[in-house]
Amino acid sequence: MSVSKSATLEPRQIKRRSEFLSSPVFSPLVTQVIIWIIFWIFVPNFGSVRTVSGIVGAASINAVIVIGVTMLMISGEFDISVGAILGMSAFVFADILVNGGSPVLAIVVTLLVAGSMGAINGLLTAYTAIPSFIVTLGTRSIYRGLIWVVSGGTMIQVTDRLPIQDILNGRLDIVNNLFTQANFTTAAVWAIALGIIFQLILTRTKFGNHVFAVGGNPGAALSQGVNNKRVKITCFIITGLLCGLAGMLTFSQFSTAQVVTGANVELKVIAAAVIGGTLLTGGFGSIVGGLLGILLIALLRTGTILLGLPSDNFEAIVGVTIVGAALLNDWIRDRLI
Amino acid sequence: MPQVTGNATPLVKMENIVMKFGRVVALDNVDFDVRPQEIMALMGDNGAGKSTLIKILTGIYAPTSGQIRFEGEVVQISNPRRARALGIETVYQDLALVNLMSIGRNFFLGREPICQVGPLPCLNMSCIDRDTRRSLADIGIAVRSANDKVGTLSGGERQMLALSRVLIVHPRLVLLDEPSLGLSPLVVDHIFDKILDMNGQGVSFLLVEQNARKGLSASHRGYVLELGQNRMSGPGRALLDDPRLQKLYLGG
């Protein structure tokens, strides 16, 4: 048997794009900067610390959820029950506190409940053929109904703020004392810290690599030995836990927990992830981008108010931004990948 | 080409394998083996059952009945991880590459090198970059950085990448599903050179190849499937010259 001796393949130099330019963060960052500049020019009082800290504060609670949702979307799945998990968490947290439970107990139980709700979403998605969008469409209603059952339709309200509320979502006076009229909250610290941690987990660990693979090409991931089911269930549990924290932050801010708490958060966070450069089809995105996205939505909200526009326009403006940002992200990505 | 003794225990042996999908019989009592340090060609028309057989060996399907022996021991290849643990590696027809991910991350997918940073196992990025670039340079592809997206590589380069990532782990048996599909003759020659080279170092190959001439001339033995059943088997060269194969498979 003989095989012809072939010529060596000529080594081919592959043109290298800058790593930063082709990372998922670049295009949402550009979009963000452009819009901040536009608002700074046209909106009165926009650059003040009070306004900026208000925007950051408004974004912080949802930012925590966006972290989980972004990771889930990168793995190729959706969770639209996040608002309901938030609502249940806020209620459970408040309920334990007003009944004299210690803050530690309240936090642990809330996280257990929220994590379990996420786990149910994950198990149903992984072990049935039902797409996660449909599974969580169902659990969205089921979980909301559970809040009705658990609360009996009542609302919990606390008049004297508890210390734990100030730790979770109180005034961040270390920073506030540096600026006049600043209104930064501790929730922002949680959001940023968790954002950084999970961005590192996503980009610097084996698990993170698997998340991208499962979303980008599940068949390839499976054939290379990745445990697709385990990766997805883990992402759902992480999302659940983050919603648990968001619920605690919500109660800590408003001292109120009721059945409708957290309603309609889901579409906002998915929009933030998309604006932040995460592909709906999975396999690409960044948590930092998602945080930028939720910041942008809060920015638009504040901007419309300060511009004196009717607040009905806010929804339309967000809609235009979503489509515009998605197009811009695609355009920039095609130029660079 | 290294000699293959006929009496050695087969590396992998499939006995009475039946594979049914509902009422469709994809494989019908197939008996099949690959010997140590052998290159075996698996031939057959579309729908003959070649891909199914590969997927059983690689752990994606479990056979409806029958058993598989690896080095004489009965094994359950229940998932791709188990197959890899045995030393069975596969290069799929679609290459199993994640286009949106970088070359390096694709190269090490499923067996990422780790370094401990405090309590956390973190990806060893410099190791990924270095080893990927070295392995690619070995097969003639020079990249500035393993962070470039895999989508920037040409078809031939992707094929070579998929092949070199299984060879780096020193497998016992490599399953190749249509390695020459869509590639230029020069690249195909290069791939088969690599296959022969690794065979010389002790790796067995199971080759599913549409290009019957190329496949059989590179193989020690060939095995022809038709409609899920074994039709012919024998030494590669002999099969190539066999007029029945001409009629059955090569079309005239």
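**Exercise 1. Follow the strand partners around A41(B).**
Find which residue of β12(B) is the bridge partner of A41(B), and then work outwards through the neighbouring strands.

*Solution.* Let's go one step at a time, keeping in mind that this is a predicted model.

- Step 1. Within β12(B), A41(B) has G222(B) as its bridge partner. The strands concerned, β3 (residues 39–44) of chain B and β12(B), run parallel and are joined by 5 bridges.
- Step 2. Carry on from G222(B): its bridge partner in β13(B) is G234(B). Here β12(B) and strand β13 (residues 229–235) of chain B run antiparallel, with 6 bridges between them.
- Step 3. Look at the connection. β12(B) and β13(B) make a hairpin with 2 residues between them, and L227(B) in the turn has a positive phi of about 50 degrees.
- Step 4. Return to A41(B) and turn to β11(B), where the bridge partner is L207(B). β3(B) and β11(B) are parallel and share 4 bridges.
- Step 5. Move on from β11(B) to β10(B): these two strands run parallel, joined by 5 bridges. L175(B), for instance, has L206(B) as its bridge partner in β11(B).

**Exercise 2. Judge how covered two of these strands are.**
Work out how many residues of β12 (residues 221–226) of chain B are buried, and do the like for β11 (residues 204–208) of chain B.

*Solution.*

- Step 1. Apply the cut-off: a residue counts as buried when 20 or more other C-beta atoms lie within 10 Å of its own.
- Step 2. In β12(B), 5 of the 6 residues are buried, so the strand is largely enclosed by the rest of the structure.
- Step 3. In β11(B), 5 of its 5 residues are buried.
- Step 4. Check both faces of β11(B). S204(B), L206(B) and V208(B) point one way, F205(B) and L207(B) point the other way, and all are buried.

**Exercise 3. Classify three residues of chain B.**
Decide whether R130(B), N29(B) and H170(B) are buried, partly exposed or exposed.

*Solution.*

- Step 1. Place them. R130(B) sits in helix α4 (residues 125–138) of chain B, N29(B) in strand β2 (residues 24–34) of chain B, and H170(B) in the loop between α5 (155–167) and β10 (173–177) of chain B.
- Step 2. Count neighbours. R130(B) has 14 other C-beta atoms within 10 Å, so this residue is partly exposed. N29(B) has 14 C-beta neighbours inside 10 Å and is therefore partly exposed. H170(B) has 12 and so counts as exposed.
- Step 3. Add the backbone. Phi of N29(B) is positive, near 50 degrees, in a residue other than glycine. H170(B) is not a glycine either, and has a positive phi of about 50 degrees.
- Step 4. For R130(B), note the C-alpha separation of 8.7 Å from S145(B), 15 residues apart along the chain.

**Exercise 4. Describe two contacts that involve α6(B).**
Find what α6(B) gives to the side of chain B that touches chain A, and to the side of domain 1 of chain B that touches domain 2 of chain B.

*Solution.*

- Step 1. Start between the chains: 43 residues of chain B and 32 residues of chain A take part. The elements of chain B giving two or more residues are α2 (80–86), β8 (120–123), β9 (141–142) and α6 (185–200).
- Step 2. α6(B) supplies the largest share of that side, 7 residues. The side as a whole divides into 23 nonpolar, 10 polar and 10 charged residues.
- Step 3. Now go inside chain B, which is assigned domain 1 (1–87 + 171–252) and domain 2 (100–168). Their centres, taken over C-alpha atoms, are 27 Å apart.
- Step 4. Their contact takes 10 residues from domain 1 and 8 residues from domain 2 of chain B. On the domain 1 side, α6(B) gives the most, with 4 residues.

**Exercise 5. Explore the largest nonpolar core.**
Identify which residues touch the most other members of this core.

*Solution.*

- Step 1. Among its 160 residues, V64(A), I65(A), V66(A), V269(A), I294(A) and L42(B) touch the most other members.
- Step 2. Helix α2 (residues 49–74) of chain A provides the largest share, 14 residues.
- Step 3. Look around V269(A): leaving out residues up to four places away in sequence, V269(A) touches N62(A), I65(A), V66(A), V69(A), V82(A) and I294(A).

How values were computed: Residues are numbered from 1 along each chain as its sequence is written. Chains are lettered from A and ligands numbered from 1 in the order in which they are written. This is a predicted model: local features need pLDDT of at least 70, side-chain atom pairs count only at pLDDT 80 or more; totals for chains, interfaces and linings use all residues. Two strands pair if DSSP finds at least two bridges between them. Two residues are in contact if their C-beta atoms, placed from the backbone, lie within 7 Å. Ala, Val, Leu, Ile, Met, Phe, Trp, Tyr, Cys and Pro count as nonpolar, Asp, Glu, Lys and Arg as charged, and the others, Gly among them, as polar. Domain bounds come from an automatic or database domain assignment. A nonpolar core is a set of buried Ala, Val, Leu, Ile, Met, Phe, Trp, Tyr and Cys residues joined through C-beta atoms within 7 Å.
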